[in-house]
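Let's take a walk through this model together. Have a look at the sequence and the fold, and then we'll go piece by piece.

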Amino acid sequence: MNSVKPRHYCYRVDNLLNGKYYIGKRSCFGDPEKDPYMGSGRNIQRAIKRYGIENFKKTVLAEFDTEEDAYLCEAELVTKD
């Protein structure tokens, strides 16, 4: 039986060239600070392809005990803008 629990977090990915950013929620089994995941949304994927991964910086905003709490954080941070 696997006793390793997933870690849930909210993150922000900044485009260092144009100042735009992406907010997301992620669950992983390792250290969130070392997780290479940058987002799966169409817009972030398109931007990474256009500008290059080296022009993006991911910041872990908060870690949570539950995935639901991470989703709530993401919902609070995401706006229509």
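Among contacts in the protein chain between residues at least 6 apart in sequence, what percentage join residues at least 24 apart? The figure is 58%. Keep in mind that this is a predicted model, and that goes for everything below.

Start with the overall layout. The protein chain has 2 helices and 3 strands, and if you read along the sequence, you meet them in the pattern β-β-α-β-α. The C-alpha atoms fill a box of roughly 45 × 25 × 20 Å, taken along the principal axes. Of the 81 residues in the protein chain, 31% are buried.

Now for the strands. Strand 1 covers residues 7–15 and strand 2 covers residues 21–28, and these two pair in the antiparallel sense over 8 bridges. To see the register, find R7, which stands opposite C28 in strand 2, and then Y11, whose bridge partner in strand 2 is G24. The hairpin of strand 1 and strand 2 has 5 residues between the strands, and there G19 takes a positive phi near 80°.

Strand 1 has another partner to look at: strand 3 (residues 56–64) pairs with strand 1 in the antiparallel sense, again over 8 bridges. Here Y11 stands opposite V60. So how much of strand 1 is buried? The count is 7 of its 9 residues, so strand 1 is largely enclosed by the rest of the structure.

Y11 is a handy residue to click on. Setting aside residues up to four places away in sequence, Y11 touches a long list, including Y22, I23, G24, K25 and R26, then Y37, M38 and G39, and also K58, T59, V60 and L61. Y11 also belongs to the largest nonpolar core, which has 10 residues: Y9, Y11, V13, C28, M38, I44, A47, I48, F56 and V60. The elements that give two or more residues to this core are strand 1, helix 1 (42–51) and strand 3.

At the end of strand 1's run you'll find N15, which has its place in that strand. Is N15 buried or exposed? With a relative accessibility of 5%, N15 counts as buried, because the cut-off for buried is under 20%. Leaving aside neighbours within four places in sequence, N15 is in contact with K20, Y51, N55 and F56.

Next, helix 1. Its residues I44, A47 and I48 are buried. Seen down the axis of helix 1, the buried residues fall within an arc of 100°, so they line one face of the helix. The general rule behind this is that an α-helix has 3.6 residues a turn, so residues three or four places apart point the same way. What do the buried residues of helix 1 pack against? They pack against strand 1, strand 2 and strand 3. Turn the helix around and the face away from its buried side carries the exposed residues R42, R46, K49 and R50. Just after helix 1, G52 takes a positive phi of about 90°.

Just ahead of that helix, stop at G41, which has its place in the loop between strand 2 and helix 1. G41 counts as partly exposed, because its relative accessibility of 21% falls between the cut-offs of 20% and 50%. G41 and T79 are 38 residues apart in sequence, and their C-alpha atoms are 15 Å apart in space.

Finally, have a look for empty space. About 550 Å³ of space lies in the largest pocket. Of the 18 residues that line this pocket, the closest to its centre are K20, Y21, Y22, N43 and I44. Strand 1, strand 2 and helix 1 are the elements that give two or more residues to the lining. Which element gives the largest share of the lining? That's helix 1, with 6 residues. One residue worth a second look is I44, which is buried in helix 1, sits in the largest nonpolar core, and is among the residues closest to the centre of the largest pocket.

Technical notes:
Residues are numbered from 1 along each chain as its sequence is written. This is a predicted model: local features need pLDDT of at least 70, side-chain atom pairs count only at pLDDT 80 or more; totals for chains, interfaces and linings use all residues. Side-chain values use heavy atoms; hydrogens and water are left out. Two strands pair if DSSP finds at least two bridges between them. Helices (H or I, at least four residues) and strands (E, at least two) are DSSP runs, numbered from the N terminus. Buried means under 20% relative accessible area, exposed over 50%, partly exposed in between (1.4 Å probe, protein chains only). A nonpolar core is a set of buried Ala, Val, Leu, Ile, Met, Phe, Trp, Tyr and Cys residues joined through side-chain atoms within 4.5 Å. Contact means heavy atoms within 4.5 Å. The arc is that of the directions from the helix axis to the C-beta atoms. On a 1 Å grid over the protein atoms alone, a cavity is a set of points where a 1.4 Å probe fits but cannot get out, and a pocket is an open set with protein on both sides within 12 Å along at least five of seven lines; lining residues have an atom within 4 Å of a point. Grid points are joined across faces, edges and corners, and a volume is the space filled by probe spheres set on the points.
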